[in-house]
Amino acid sequence: MANSQLAKVGHLIRDARRQRDLTQTELAAALGTSQSAVARIEQGKQNLSLDTLARISEALDSEIVTVASNAPVNLRIEGGRKLSGEIDVRTSKNAAVAGLCAALLNKGRTTLRDLARIEEVNRITEVLDSIGVKTRWLPGTNDLEIVPPKTVNLDAIDEAAARRTRTILMFLGPLLHEFDDFKLPNAGGCDLGSRSVEPHLHALRAFGLNVVASHGYYHATVDKDVHPEKPIILTERGDTVTENALFAAAKHPGTTIIRNASPNYMVQDLCVFLQKLGVQIEGIGTTTLTVTGVEEINQDVEFFPSEDPIEAMSLLAAAVVTESEITIKRVPIEFMEIELTLLADMGMKYETTDEYVSNNQHTRLVDLRTIPGPLHAPKDKIHPMPFPGLNIDNLPFFAAIAAVAEGQTQLHDWVYENRAIYLTELTPLGVKVQLMDPHRVLIEGPTRWRPAEVMCPPALRPAMVVLLAMLAAPGESVLRNIYVISRGYEELDSRLNALGANIQTFRDV
């Protein structure tokens with residue numbers, strides 16, 4: 001916003017606060033910020049994101065600024081600026097998603113602490129609210145309280161919200177305990193090519209679930225007499241597949257063995273959460289989980305999702321492409337070790353603190369300081385593997401990193417058909433990207449950056465990579481329709497601006 005606009009908005013906020021008979025301190029508490037920050041806002045001295053304006057409007061019960069809801073949010077980025085300072089890694093999108101779905105298992109009150117306020121969470125809470133679950137953000141916090149009804153009402157489900165997230169698939173595991181038959185809208189989310197739901201259905205058949213997909217819905221029937229009689233062998237070591245199997249096993253009173261399970265960060269988080277609900281789980285962090293469930297779960301529980309290794313990698317890549325020294329705090333090091341080893345082989349230098357433990361009392365964290373310096377291309381291709389290998393969601397960030405490294409880097413994304421193609425969106429920004437096939441790209445650096453206007457790719461991580469490239473490119477770039485980024489990152493513009501970036505949100509009117 002321009003200074004004159006900020007001043008006008010600040011005066012509107014001040015007047016609305018006074019009309020509500022609130023002090024600056026009281027408004028600050030509702031927003032989870034400081035009185036001095038509210039004072040700066042009211043004086044027109046603080047840049048405001050649309051998310052922040054929405055939170056202020058909610059706190060004051062007053063629509064401060066009205067924008068057309070169908071107008072997409074865009075970013076205007078002045079690139080080529082050095083970053084400096086410290087930034088915390090927020091809690092994990094995928095761990096939050098797992099916790100929200102797991103709350104359906106609990107008849108008591110679930111409180112998820114320090115949750116990321118992102119669009120993916122908003123979509124799931126919209127679905128939960130529509131079926132009778134009561135969700136509310138506790139005042140002045142990022143804590144989400146979830147209280148289930150006696151019986152969920154699937155007939156009232158918000159189909160628009162459900163179809164905008166693939167997470168709806170993860171309702172299958174919890175709901176098979178509640179119904180003999182039910183239906184869910186087909187899943188959505190990122191456009192990453194063909195992603196079969198068959199591994200989910202294979203895992204859940206052992207619990208009597210049968211699903212037929214037709215006319216835009218999953219039609220599910222449950223045979224309550226069917227229980228696992230032997231270990232469940234997952235046909236795909238997928239994160240959400242493993243989570244669905246865990247949901248099903250959690251309320252099966254016998255012992256379930258799940259093999260070829262994902263040991264990834266969000267699965268470990270879910271296991272720790274389920275343990276708090278009374279479920280016994282052995283083998284956390286391995287590919288074999290032994291689960292002893294409980295028939296009923298009814299207890300008030302709080303849980304802290306752990307920090308997001310994908311956001312940590314995003315911030316690390318931002319430092320690399322802008323050749324900046326920053327300190328990234330609360331990095332979940334166990335899920336970054338392969339990525340950091342590859343970067344060290346490319347010549348990157350960094351320092352880490354001693355390890356400490358996340359609020360979930362399980363995940364190991366460090367603070368990491370980046371040290372700018374020249375990079376060279378790796379000798380071998382970079383490709384993902386199931387944990388403890390390189391995370392599939394971290395692979396795209398090596399495209400931006402490869403763009404500043406000397407030589408040719410090959411990235412092989414063998415999992416998704418389309419995501420490698422989206423990396424060609426870096427070409428307008430000056431990156432030399434050669435698409436070898438739908439799974440492989442060759443990137444030659446170092447790049448002579450140039451600003452550009454680009455439509456946001458429809459997949460979260462490639463979209464973030466384009467944003468990182470715009471931070472590196474001197475001049476003004478525009479990234480249009482950033483909804484997909486908002487699915488996974490909270491207040492990203494203001495947080496990067498605090499490090500010295502210049503990112504402004506705007507809508508076309």
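Ile233 stands opposite Arg259 in strand E10, and this pairing is a convenient place to enter the model, which is a predicted one. Strand E9, made of residues 232-233, is joined to E10 by two bridges, and the two strands run parallel. Together with helix H10, which covers residues 239-250, E9 and E10 make a right-handed β-α-β unit.

Strand E10 itself covers residues 255-259, and its side chains alternate between two faces. Thr256 and Ile258 point to one face and are buried, whereas Thr255, Ile257 and Arg259 point to the other face and are not buried. Arg259, the residue across from Ile233, therefore belongs to the face of E10 whose side chains are not buried, where buried means under 20% relative accessible area. E10 also pairs with strand E12, residues 288-292, in the antiparallel sense and over five bridges. Within E12, Thr290 is the bridge partner of Ile257.

A separate passage of the chain concerns an open sheet of three strands, which has the order E6-E8-E7 and antiparallel pairing. Strand E6 (181-185) and strand E7 (209-214) stand at the edges with a single partner strand each, so that one side of each is left without a neighbour in the sheet. From one strand to the next, the twist averages 20 degrees. E6 and strand E8, the latter made of residues 217-222, run antiparallel and are joined by five bridges; in this pairing, Pro185 stands opposite Tyr217 in E8.

The strand pairings described above can be set side by side.

| Strand pair | Sense | Bridges |
|---|---|---|
| E9 and E10 | parallel | two bridges |
| E10 and E12 | antiparallel | five bridges |
| E6 and E8 | antiparallel | five bridges |

These elements belong to a protein that has 18 helices and 23 strands. For 509 residues, a compact globule would have a radius of gyration near 23 Å, and because the protein has 23 Å, the value agrees with that expectation. The C-alpha trace spans about 65 × 65 × 50 Å along its principal axes.

Buried residues make up 53% of the 509 residues, while the protein exposes about 21000 Å², of which carbon and sulfur atoms supply 47%. Among the contacts with a separation of 6 or more, 73% are accounted for by residues 24 or more positions apart.

Key
Residues are numbered from 1 along each chain as its sequence is written. This is a predicted model: local features need pLDDT of at least 70, side-chain atom pairs count only at pLDDT 80 or more; totals for chains, interfaces and linings use all residues. Side-chain values use heavy atoms; hydrogens and water are left out. Buried means under 20% relative accessible area, exposed over 50%, partly exposed in between (1.4 Å probe, protein chains only). Helices (H or I, at least four residues) and strands (E, at least two) are DSSP runs, numbered from the N terminus. Two strands pair if DSSP finds at least two bridges between them. A crossover is right-handed if, with the strands pointing away from the viewer, the path from the first strand over the helix to the second runs clockwise. The radius of gyration is taken over C-alpha atoms; the globule rule is 2.2 Å times the number of residues to the power 0.38. Contact means heavy atoms within 4.5 Å. Accessible areas come from the Shrake-Rupley method with a 1.4 Å probe; for residues, only the protein chains shown count as cover. Axes are lines fitted to C-alpha atoms, for helices over the stretch in contact, and angles run from 0 to 180 degrees between N-to-C directions.
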